[in-house]
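Reader: I should be grateful for a close look at a single part of this molecule and at what surrounds it. Please explain each term as it arises.

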Amino acid sequence: MAQAYTGNWGCKANGVKAGILTIYGNSYGFASAVFGDPASGTGELTPYTDGVGFNNGALMEKGSVVAGRIVTDANAVTAL
């Protein structure tokens with residue numbers, strides 16, 4: 001797994017703050033910015049060259065998120 005994936009990542013959906021994603025090893029935790037959001041929780045992931053695939057957990061099952069990609073945002077900051 002690339003060192004760049006490990007850590008905390010701010011998440012946006014449609015340009016709005018959605019929550020924070022923490023990746024450690026092949027596990028993740030997601031805390032939604034919306035209190036009580038069923039997409040918050042933990043799960044397992046698979047690292048890829050340019051991002052991660054979510055294998056299970058609330059983010060995938062309740063939030064319908066199956067992958068995260070590393071990109072450069074409008075401010076030239078690396079984002080997942």
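Author: A residue is called buried when its relative accessible area is under 20%, exposed when this area is over 50%, and partly exposed in between, with a 1.4 Å probe and protein chains only. Helices (H or I, at least four residues) and strands (E, at least two) are DSSP runs, numbered from the N terminus. The model is predicted, so that local features need pLDDT of at least 70 and side-chain atom pairs count only at pLDDT 80 or more, while totals for chains, interfaces and linings use all residues. Residues are numbered from 1 along each chain as its sequence is written, and side-chain values use heavy atoms, with hydrogens and water left out.

The part chosen here is strand β3, which covers residues 27-32. In a regular strand the side chains alternate between the two faces of the sheet. Strand β3 shows this alternation: Tyr28, Phe30 and Ser32 point to one face and are buried, whereas Ser27, Gly29 and Ala31 point to the other face and are not buried.

The setting of the strand comes next. The protein contains 1 helix and 8 strands, and along the sequence these follow the pattern β-β-β-β-β-α-β-β-β. Of the 80 residues of the protein, 28% count as buried. Two strands are said to pair if DSSP finds at least two bridges between them. Strands of a sheet pair through backbone hydrogen bonds, either parallel or antiparallel. In this model 6 strands form an open sheet with antiparallel pairing, in the order β1-β2-β3-β4-β5-β6. Its edge strands are β1 (7-13) and β6, each of which pairs on one side only. On average, neighbouring strands of this sheet are turned by 30° against each other, direction ignored; the axes behind such angles are lines fitted to C-alpha atoms, for helices over the stretch in contact, and angles run from 0 to 180 degrees between N-to-C directions.

On one side, β3 is paired with strand β2 (residues 16-24) in the antiparallel sense over 6 bridges. Within this pairing, Gly19 stands opposite Ser32, and Thr22 stands opposite Gly29. The two strands β2 and β3 form a hairpin with 2 residues between them, and Gly25 in the turn has a positive phi of about 65°. The other pairing of β3 is with strand β4 (residues 41-48), again antiparallel, over 4 bridges. There, Ser27 has Glu44 as its bridge partner in β4.

The buried residue Tyr28 leads from the strand to the interior. A nonpolar core is a set of buried Ala, Val, Leu, Ile, Met, Phe, Trp, Tyr and Cys residues joined through side-chain atoms within 4.5 Å. In soluble globular proteins, nonpolar side chains tend to be buried together. The largest nonpolar core here has 13 residues, and those with the most contacts inside it are Leu21, Ile23, Tyr28, Phe54 and Leu59. The elements that give two or more residues to this core are β1, β2, β3 and β5 (51-54). Strand β2 supplies the largest share, 3 residues.

Tyr28 also takes part in the 1 aromatic pair of the structure. Rings of Phe, Tyr and Trp (its six-membered ring) pair if their centres lie within 6.5 Å; planes under 30 degrees apart count as stacked, over 60 as edge-to-face and the rest as tilted. Tyr28 and Phe54 form an edge-to-face pair, at 4.9 Å centre to centre and with 75° between the planes. Tyr28 belongs to strand β3 and Phe54 to strand β5, and the pair links distant parts of the chain, 26 residues apart. Both of these residues are buried.

Phe54 has further neighbours, where contact means heavy atoms within 4.5 Å. Leaving aside residues up to four places away in sequence, Phe54 touches several residues, including Leu21, Tyr28, Glu44, Leu45 and Leu59. Glu44, the bridge partner of Ser27, is thus named twice in this account: it is also among the residues that Phe54 touches. For the protein as a whole, among contacts between residues at least 6 apart in sequence, 22% join residues at least 24 apart.
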